[in-house]
Amino acid sequence: MFKHIFSGMLLTLVLASPVFAGSAADDIQIIDPWAREVPPGLTTSAGFLGMKNTGDKAHRLVAAESSNTGMVELHTHINDNGVMRMRPVEDIPVAAGATTTLQPGGLHLMLMMIKKPLKAGEKMPITLIFEDGSKKDIEAEVRHFSMEKMNRMKMGH
Ligand SMILES: [Cu+2]
């Protein structure tokens, strides 16, 4: 909540300045994009990546799409009385100079109505769309990822 308000303020400040940077797609560097393998028959999965903003202006990821899905939504997880639930978000902010990471248990790209099964080792084409309308085509590597692995990761923190 506070983070949202803060990045909103930051955006206003930057917009008020006379300096024009490149497009969001130019400023944002994509780190390690991947998608979770799902067994044949399952048509929902999730995509993850890091977004590093190398510019001096705050950006927002506002949408994503893929030729291999009917729909991609931006999601986060919320802790609802001890139960982790997914919730769509309108956008995912990336503050100037900062990195926003989409990862299991947190922010993710919800890949829905998958047309072709996601098999580990294959590539999944995804297009990221930013607040200024600029787009970035990425290829997410499909990886096997189990819940046990996620729990192990959490315990390591
Ligand atoms: Cu989701």
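**Two residues with positive phi in a predicted model**

Me: In this predicted model, is Asn81 buried or exposed?
Reply: A residue counts as exposed if 12 or fewer other C-beta atoms lie within 10 Å of its own. Around Asn81 there are 5 other C-beta atoms within 10 Å, and therefore Asn81 is exposed.

Me: Where does Asn81 lie, and about what value does its phi have?
Reply: Asn81 is found in the loop between β4, which covers residues 69-80, and β5, which covers residues 83-88. Although Asn81 is not a glycine, its phi is positive, at about 50 degrees.

Me: In which strand is Asp32 placed?
Reply: Asp32 is a residue other than glycine with a positive phi, near 45 degrees. Its place is within residues 28-36, and the element formed by these residues is strand β1.

Me: Is Asp32 buried or exposed?
Reply: The cut-off for an exposed residue is 12 or fewer other C-beta atoms within 10 Å. Asp32 has 11 other C-beta atoms within that distance, so Asp32 is exposed.

Me: How many helices and strands does the protein have?
Reply: Read from the N terminus on, the elements run α-α-β-β-β-β-β-β-β-β-β-β-α. Counted by type, these elements are three helices and ten strands.

Me: What percentage of the contacts in the protein with a separation of 6 or more comes from residues 24 or more positions apart?
Reply: The protein has 157 residues, of which 25% count as buried. Among the contacts with a separation of 6 or more, the share from residues 24 or more positions apart is 70%.

Definitions and conventions:
Residues numbered from 1 in each chain as written. Predicted model: local features only at pLDDT ≥ 70, side-chain atom pairs only at ≥ 80, totals over all residues. Helix = DSSP H or I, 4+ residues; strand = E, 2+ residues; numbered from the N terminus. Buried ≥ 20, exposed ≤ 12 C-beta atoms within 10 Å, placed from the backbone. Contact = placed C-beta atoms within 7 Å.
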